Amino acid sequence: MSKDIGATGARLGCVVTRNREVRDSIALVAHTSVSNISILFARVLLTSPRFHTIVQLNSSRLALAYEQIRIFFEENSIEYLQCEATTFILARLAPCSRTRDDEMAAVAYYQKAGILFFSAAGYHMPPDFRGWMRVSFAVGPERLSVAIKRLKTAYQAYMSRESSRDAL
């Protein structure tokens with residue numbers, strides 16, 4: 001649900017199987033990790049007569065937001081991983097990072113500029129996957145435009161700062 005309808009944080013999924021052992025194993029693990037609020041939310045949403053309209057609207061809004069952030073990355077020569085059916089994108093916004101500490105310093109730098117995102121290292125990326133950030137684009141168009149403007153200014157300043165450090 002978190003990806004299909006943009007309900008980040010609503011951790012709820014479904015497994016369909018006839019295998020009793022698989023079902024029982026999943027039930028033991030998954031039962032305690034689904035919050036009551038997620039179950040209530042899912043029930044209301046999935047039984048809504050407007051469910052298909054909601055999913056289509058969310059899908060089209062996410063597609064527009066993805067296109068906006070993708071264009072920004074390409075226009076600014078920022079490496080990113082293409083994706084589908086998600087609410088975030090991985091982008092290499094700290095390409096000069098050599099260590100995880102460098103990466104965390106970049107995250108802090110961007111946060112001071114009013115941009116909140118996290119190092120991709122926190123999402124089980126391999127150790128040599130340095131400088132990548134998880135960037136959410138699941139926000140309204142106006143908010144995304146403001147974020148992209150801030151990101152452009154911060155990224156250019158960050159890269160300028162890093163290139164002057166490398167020159168020393």
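Visitor: Leaving aside its neighbours within four places in sequence, which residues is Phe73 in contact with?
Guide: Keep in mind that this is a predicted model. Phe73 is one of the three residues that touch the most other members of the largest nonpolar core. With neighbours within four places in sequence set aside, its contacts are Ile78, Tyr80, Ile89, Ala91, Leu93, Val135 and Leu151.

Visitor: Which residues of the largest nonpolar core touch the most other members?
Guide: Nonpolar side chains tend to be buried together in soluble globular proteins. Here the largest such core has 26 residues. The ones touching the most other members are Phe73, Leu93 and Tyr110.

Visitor: And which elements each supply at least two residues of this core?
Guide: Both helices and strands chip in. Going along the chain, they are helix 3, strand 1, helix 4 (100-112), strand 3 (132-136) and helix 5 (141-167).

Visitor: Let's talk about Asn76. Is it buried or exposed?
Guide: Asn76 is found in the loop between helix 3 (51-75) and strand 1 (88-92). The cut-off for buried is under 20% relative accessible area. Asn76 comes in at 18%, so it counts as buried.

Visitor: Which backbone oxygen does the side chain of Asn76 reach?
Guide: Leaving aside neighbours within four places in sequence, Asn76 is in contact with Lys152, Tyr155 and Gln156. Its side chain also makes a 2.8 Å approach to a backbone oxygen, and that oxygen belongs to Phe72.

Visitor: How far apart are the closest N and O atoms of Glu67 and Arg70?
Guide: These two sit three residues apart in helix 3, which means about one helical turn separates them. Glu67 is partly exposed at 32% relative accessibility, while Arg70 is buried at 18%. They form a salt bridge, and the closest N and O atoms are 2.4 Å apart.

Visitor: Which residues are linked with Glu67 in a network of salt bridges?
Guide: The structure holds five salt bridges. Glu67 pairs with Arg70 in one of them. The network takes in Glu67 along with Arg70 and Glu74.

Visitor: Which salt bridge partner does Arg92 have?
Guide: The closest N and O atoms of this pair are 3.7 Å apart, and the cut-off for a salt bridge is 4 Å, so the pair qualifies. It links distant parts of the chain, 13 residues apart: Arg92 is in strand 1, and its partner is in the loop between helix 3 and strand 1. Arg92 is partly exposed at 23% relative accessibility, and the partner, partly exposed at 44%, is Glu79.

Visitor: What about Glu103: what is its relative accessibility?
Guide: Glu103 forms a salt bridge with Arg100, with the closest N and O atoms 3.1 Å apart. The two are three residues apart in helix 4, so about one helical turn lies between them. Arg100 is partly exposed at 27%, whereas Glu103 counts as buried, with a relative accessibility of 1%.

Visitor: Over to the surface, then. Which residues make the nonpolar patch of about 220 Å²?
Guide: One of its members, Val22, lies in helix 1 (residues 20-30). A patch residue needs over 30% relative accessible area, and Val22 is partly exposed at 35%, so it clears that bar. The patch is made by Val15, Val22 and Ile26.

Notes:
Residues are numbered from 1 along each chain as its sequence is written. This is a predicted model: local features need pLDDT of at least 70, side-chain atom pairs count only at pLDDT 80 or more; totals for chains, interfaces and linings use all residues. Side-chain values use heavy atoms; hydrogens and water are left out. Patches are made of residues with over 30% relative accessible area and no salt bridge: like charges are joined within 9 Å, nonpolar side chains (Val, Leu, Ile, Met, Phe, Trp, Tyr) within 5 Å. Accessible areas come from the Shrake-Rupley method with a 1.4 Å probe; for residues, only the protein chains shown count as cover. A salt bridge is a side-chain nitrogen of Lys or Arg within 4 Å of a carboxyl oxygen of Asp or Glu. Helices (H or I, at least four residues) and strands (E, at least two) are DSSP runs, numbered from the N terminus. Buried means under 20% relative accessible area, exposed over 50%, partly exposed in between (1.4 Å probe, protein chains only). A polar contact is a pair of N or O atoms within 3.5 Å; within protein, one must be able to donate a hydrogen and the other to accept it, and residues adjacent in sequence count only if both atoms are side-chain atoms. Contact means heavy atoms within 4.5 Å. A nonpolar core is a set of buried Ala, Val, Leu, Ile, Met, Phe, Trp, Tyr and Cys residues joined through side-chain atoms within 4.5 Å.
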